[in-house]
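Reader: Hello! I am new to reading protein models, and I would love a close look at one part, with the terms explained along the way.

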Amino acid sequence: MKRWLEKDPTTANDDITWSISKTSAATISNDGFVTVKKYDSKKPANNTFTVTAVSELGKTATATLTVGEGKPANEVKIYEDKAEPEEDVLLKGTVKVDAGGDEPWTGMDVYAKMIAKDGTDYGITDDITWSIGKTKTEIIRLTNVAGTEATLEPVNVGTAKITATATSGKKASFSVKVSAALNGLIVDVDTAPTDAFTGQSFTLGVERDPEMNNDALTWSVWADEACTQKSKDVTINAKGVLKVKNTLQADAVYVKVQSKKDKKIANTDGIDKNTLGPQTVRIGLNQSSINGIAVTNITNAKDPKPVTKVWLEGTKQKKEDINKAKTDIRIPVNGVYQAEVIEAVEGWDNGTVESFSWTNSNSKVAEMVPDEKAGTVIIKPLAKGTTKITVSGIKVTKWNDDAKTSAKTAKVIKAQFTVNVIQPTTSLKLNKTDIVLYPKANKQGVMQKQSVSLKATMNPKGAADLVNWTVLDKNGKTVAEGVLTNKTKASGKNNVNYKVEFAAPALGDVYTV
């Protein structure tokens, strides 16, 4: 409980020191919260104690408190709180609810009822603590918790255990098993392209009603809107990954998805979710053909740099040369890369950058985000390491101009480069910042060369930057012989070692690293 202190004047802002006469009965915090420990039935005098408040100027206030014999809970029960008390339901075992269907379950109010040893439920001094058992994902959320009352709200499908525990240690529990019957499906139009090109692949998504529904889905692709003829141009797997073949027979495909459980079919174009007719998603198909690909790093628009070898169909360039291209990017700087068509095939209009497909060998090192500009991706570094980025397109090698759909074959053309994600140095520590040397001469009196070993330690661990060394003389000028700015790679311990050689240091020479 909190002890309230009235100050005179009320605007006084002195710091108050609190104390208590019997710490065996209770304790008090620095801001006046009193915590009662126990009731002493053998020595009633120990149940009375005094609380004292003292201001900075020595003003004092006291209050005497007596601890009464508490009435603990001997049993706890949990009820669903209905509008009419006589309708309240005792909750035990597992309660099954459906967060979907025609009347979705949105939650319920519950309360804990404590019963004393004498069988009554009044005068009990215990408090109630609410808790939910651990689950992999959040199933039920507790809201509006106020003493013995709380509200349960569904978050996900699954089973969660709810427990109400009294201060005495007595508790009651029950489980809620949440399901979510599907009302409708809509194919996510943001994942379904309006037009697709040969060789490309896309992962399609769905919007579920309710969102927490986790029914297994069946995907299919059709050549006609009525969904009577299977498509020969596109395949789709159980995860909704759609792949366009290298040569086409039709100019469109129709995608359908439905729940395996109750066969409800997806719809699009803003149709009411409860209208579960055979509406489909139409994706236009385009035959493309190119002769080659080059990739340019356009992070610096003023100085774009090629990162792959140009490969033209029919040339003698070895395919493995493509894999030698490498580019470095640093956390958290993004790299922007643009694919370019190298000589489109005459007679085909779709040999454009829009027809390229990008793949990433290690999504833990970097992720690819499509840019608004066609044929461009943004490489976002995630962790130190390397990943191979591959850009591919289709070249049609044989076709009949008069019957393109009946006589053509295709091959995949690829360009590949490696992205090396580097952990940059955030701090650098030198073993020496100043160098003072004593002149050394040989027997003939000729001043001798001298060398000094320097070491820089880069942080954090894993940093792999290049380090620029500069040694200046006392006049601020770079030392001339053999100590110009140098670059050296870091060792595995994040240390960079560098040996500085001085031609003939004289008395009084001081150098700064």
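Reader: By class, how many nonpolar, polar and charged residues does the lining of the largest pocket have?

Author: Happy to help! This is a predicted model, so local features need pLDDT of at least 70 and side-chain atom pairs count only at pLDDT 80 or more, while totals for chains, interfaces and linings use all residues. Residues are numbered from 1 along each chain as its sequence is written, and side-chain values use heavy atoms, with hydrogens and water left out.

The lining of the largest pocket has 14 nonpolar, 12 polar and eight charged residues. Here Ala, Val, Leu, Ile, Met, Phe, Trp, Tyr, Cys and Pro count as nonpolar, Asp, Glu, Lys and Arg as charged, and the others, Gly among them, as polar. A pocket is found on a 1 Å grid over the protein atoms alone: it is an open set of points where a 1.4 Å probe fits, with protein on both sides within 12 Å along at least five of seven lines, and lining residues have an atom within 4 Å of a point.

The largest pocket holds about 890 Å³ of space. A volume here is the space filled by probe spheres set on the grid points, which are joined across faces, edges and corners. Among the 34 lining residues, Q200, F202, F356, S357 and W358 are the closest to the centre of the largest pocket.

Which strands take part? At least two lining residues come from each of β16 (195–197), β17 (201–203), β30 (357–360), β31 (366–370), β32 (376–381), β33 (385–398) and β34. Strands are DSSP runs of E with at least two residues, numbered from the N terminus.

Strand β34 also takes part in an aromatic pair. A search of the whole structure finds two such pairs. In one of them, Y79 and Y111 are stacked, at 5.5 Å centre to centre with 15° between the planes. In the other, the ring centres of Y337 and F417 are 5.0 Å apart and their planes stand at 35°, so this pair is tilted. Rings of Phe, Tyr and Trp (its six-membered ring) pair if their centres lie within 6.5 Å; planes under 30 degrees apart count as stacked, over 60 as edge-to-face and the rest as tilted.

F417 lies in β34 (residues 409–422) and Y337 in β29 (residues 335–341), so their pair ties together parts that are 80 residues apart in sequence. Both Y337 and F417 are buried, meaning under 20% relative accessible area with a 1.4 Å probe, protein chains only.

Methods
Helix = DSSP H or I, 4+ residues; strand = E, 2+ residues; numbered from the N terminus. Buried < 20%, exposed > 50% of the residue type's maximum accessible area, 1.4 Å probe, protein only.
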